[in-house]
Amino acid sequence: MLIRNARVHTLTTQGTLERTDVLVRGGRVVEVGSNLAAPGAQVTEANGRPLTPGLFGGISGLGISEIELESSTVDRAALVDSGASGPGFVPRPEFDVTQAFNPDSAAIGVNRAEGITFAMIAPNASGTLFAGQGAVARLDGSSNPFVAASRTQFLDMGTSATDGVGFSRGAQFMLLEQATREALPGKPLQAGDVRLLTPTGREVFARYLAGGRMAFAVDRAVDIRQVLEFAARHGVKPVIVGGAQASQVATLLARSKVPVVLEPLLALPGTFDQLGASMENAAQLQRAGVPVMFTHLSAGTNQAHKVRQGAGVAVAHGLPWDAALAALTSTPADVFGLGAEAGRIMPGSPADLVLWSGDPLEVTSVAEQVWIGGKSQSMRSRQTELRDRYRPTGLTSGPAAPTP
Amino acid sequence: MQGKVQVQVDCYRADEMAVMLDLAKEFGFKVAAFHHGVEAYKIADRLAQEGVCGALWADWWGFKLEAYDGIWENLAYVDAPKDGCAIVHSDSDEGIQRLNQEAAKAMSRGQRAGLDIPPERAIRWVTSNAAKALGIAGRVGTLEPGKMADVVVWNRDPFSVYALPDLVYIDGALAFDRNHPRATPRSDFLLGQPGAAR
């Protein structure tokens with residue numbers, strides 16, 4: 001497949017290339033350059049429109065939460081045993097939300113047509129601290145689209161988990177340390193020890209302690225410090241999710257190379273942990289050298305695509321445009337272990353690509369064609385079906401129908 | 001019911017809006033606007049005929065069952081018939097900060113669906129149509145002699161994600177100045193809090 005004459009945002013040292021062709025073979029980009037010839041290849045004329053790598057939909061419930069307030073469609077949390085708290089509560093870090101993933105979810109189709117090609121499918125702790133395991137899915141419609149290297153253990157810290165687990169941040173860290181000591185080799189449990197985790201939980205948690213990745217949902221600066229100390233103590237690779245006050249500890253985060261997945265639209269202190277929340281968070285972190293990614297926390301899973309608008313808003317508030325696009329592409333690819341060429345457009349990159357009608361961060365632009373693994377994805381969704389069924393009479397089709 | 005106060009109805013589904021319009025007819029009152037109205041586009045012609053506005057989201061959908069049929073074109077479709085009246089809705093502390101962007105998204109999707117929506121029409125979704133539904137169109141919602149001097153000066157085309165308001169006047173008084181933070185209101189709540197100094 002050949003995409004001809006695009007404005008290619010490579011996300012590499014080559015930057016943005018005008019009037020450039022991208023040749024795809026076997027699901028990967030094989031060449032980026034001018035006047036590429038590919039006899040027999042299917043050709044898409046870009047006419048100078050922007051081409052980017054597919055976008056990262058953030059920390060998401062795509063495929064595990066179809067309608068957030070309709071519990072029969074939601075598989076985000078494992079509240080087994082005695083519920084979320086109280087005696088008998090057993091944390092389940094072994095809970096693996098990827099096993100509940102439904103590639104046929106209408107919410108995936110909607111977001112894919114908006115240019116979202118991958119997302120971190122994450123459990124939601126519902127106040128239990130130990131949320132469980134998630135992983136990055138490429139939204140290609142396959143039933144097991146997960147990238148093995150992206151596996152992440154999710155932990156809810158700070159305000160959000162306090163009610164369910166001990167009513168104190170101190171209790172959260174106490175339980176976290178207890179789970180860690182149980183799981184670590186060399187400290188065998190004795191008969192009669194009070195155990196927090198199941199045998200499987202210990203086994204799974206131990207894997208993350210051995211250099212694995214843990215994502216901590218935490219906003220407050222001092223809690224971020226505590227998390228970093230825990231991570232350093234136990235050799236864990238931390239990722240901060242939320243990080244409303246992260247810019248207050250930007251130097252520390254940069255020094256430890258700890259990435260932050262933030263909500264760029266957050267500008268109000270919804271909780272005391274978010275005092276000082278600012279739309280300049282992303283710009284300040286980026287300036288300090290912290291890897292920044294975006295997620296959309298406030299309106300739920302169905303609008304994962306709103307990360308694109310958030311990225312544009314971050315630019316309006318001081319984040320360089322290239323850094324904003326990196327936050328949606330190459331940075332999450334790097335942080336979650338998708339491979340050195342992923343999230344970029346260069347030879348060897350997975351051909352997860354989006355052709356845009358205009359500036360990819362602009363709210364008036366739309367994705368005109370999405371490819372995953374070089375395969376052209378349907379630009380139709382449940383929403384476009386409804387759009388066309390109820391189109392006002394006298395209009396037969398839009399002026400810019402997507403290429404078939 | 002006496003028509004002294006505008007009636008605003010929170011309603012998602014088209015069938016429920018239709019029932020409410022029947023009810024209004026039976027009891028002789030008028031609905032000014034349906035709020036949220038995720039399925040308003042399904043009855044856009046009826047809303048326009050009866051002079052009812054839809055205060056709608058640009059892209060919120062699917063967070064509950066009543067919102068499952070949300071589409072990007074809702075505002076544009078409701079606005080399309082003669083006398084159609086669409087308003088950008090927000091009851092979210094996040095969305096209300098960027099109504100211009102919400103309007104821009106809805107305008108763009110409407111245009112791509114084949115509707116002719118110049119920006120000077122789409123701006124009504126966040127100005128005069130809202131004033132109409134609130135019953136205060138005689139005082140606010142347009143820039144013309146006699147109206148209250150509630151004015152925003154933008155640093156660029158407001159239908160852009162990069163646009164920021166430079167100056168906001170209310171009743172002719174400067175209420176916000178982006179380049180002079182001291183002129184910007186600060187809440188009591190944030191005074192003396194860490195990270196709040198700007």
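Let's start where two chains touch: A:Arg308, A:Gln309 and A:Val313 in helix α8 of chain A meet B:Gln101, B:Glu102, B:Lys105 and B:Arg109 in helix α4 of chain B. Sorted by class, the residues of this contact split into one nonpolar, two polar and four charged. Keep in mind that what you're looking at is a predicted model.

How do these two helices lie against each other? Helix α8(A) covers residues 307-316 and α4(B) covers residues 99-112; their axes come within 12 Å and cross at roughly 130°. That angle is neither roughly parallel, roughly antiparallel nor roughly perpendicular, so α8(A) and α4(B) count as oblique to each other. The crossing of α8(A) past α4(B) is right-handed.

Now zoom out to the whole meeting of the chains. Chain A brings 55 residues to the contact and chain B brings 44 residues. About 4300 Å² is buried between chain A and chain B, and carbon and sulfur atoms give 57% of that. Which residues of chain A lose the most area to chain B? They are A:Val363, A:Gln383 and A:Tyr390, which together make up 13% of what that side buries.

There are charged pairs here too. The rule finds four salt bridges across the interface of chain A and chain B. A:Arg382, for example, forms a salt bridge with B:Asp69, and their closest N and O atoms are 2.7 Å apart.

Next, let's go inside chain A, where helix α3 (residues 169-183) has two helix partners to look at. With helix α4 of chain A (residues 199-209), α3(A) packs at an angle of about 100°, the axes being 8 Å apart. That makes the two roughly perpendicular, because angles of 65 to 115 degrees count that way. On the α3(A) side the contact is made by A:Leu176, A:Ala179, A:Thr180, A:Glu182 and A:Ala183, and on the α4(A) side by A:Arg202, A:Phe205, A:Ala206 and A:Leu209.

The other partner is helix α5 of chain A (residues 221-234), whose axis comes within 12 Å of the α3(A) axis and crosses at roughly 10°. α3(A) and α5(A) are therefore roughly parallel to each other. Among the α3(A) residues that meet α5(A) are A:Arg169 and A:Phe173, while the α5(A) side includes A:Asp223 and A:Phe230.

Here are the residue classes in the two α3(A) contacts:

| Contact | Nonpolar | Polar | Charged |
|---|---|---|---|
| α3(A) with α4(A) | six residues | one residue | two residues |
| α3(A) with α5(A) | four residues | three residues | four residues |

Methods: Residues numbered from 1 in each chain as written. Chains lettered and ligands numbered in written order. Predicted model: local features only at pLDDT ≥ 70, side-chain atom pairs only at ≥ 80, totals over all residues. Heavy atoms only, no water. Axes fitted to C-alpha atoms, helices over the stretch in contact; angles between N-to-C directions. Helix = DSSP H or I, 4+ residues; strand = E, 2+ residues; numbered from the N terminus. Parallel < 35°, antiparallel > 145°, perpendicular 65-115°, else oblique. Left-handed = near helix turned anticlockwise from the far one by under 90°. Contact = heavy atoms within 4.5 Å. Nonpolar A, V, L, I, M, F, W, Y, C, P; charged D, E, K, R; others polar. Buried area = accessible area lost by both parts, 1.4 Å probe. Salt bridge = Lys/Arg side-chain N within 4 Å of Asp/Glu carboxyl O.
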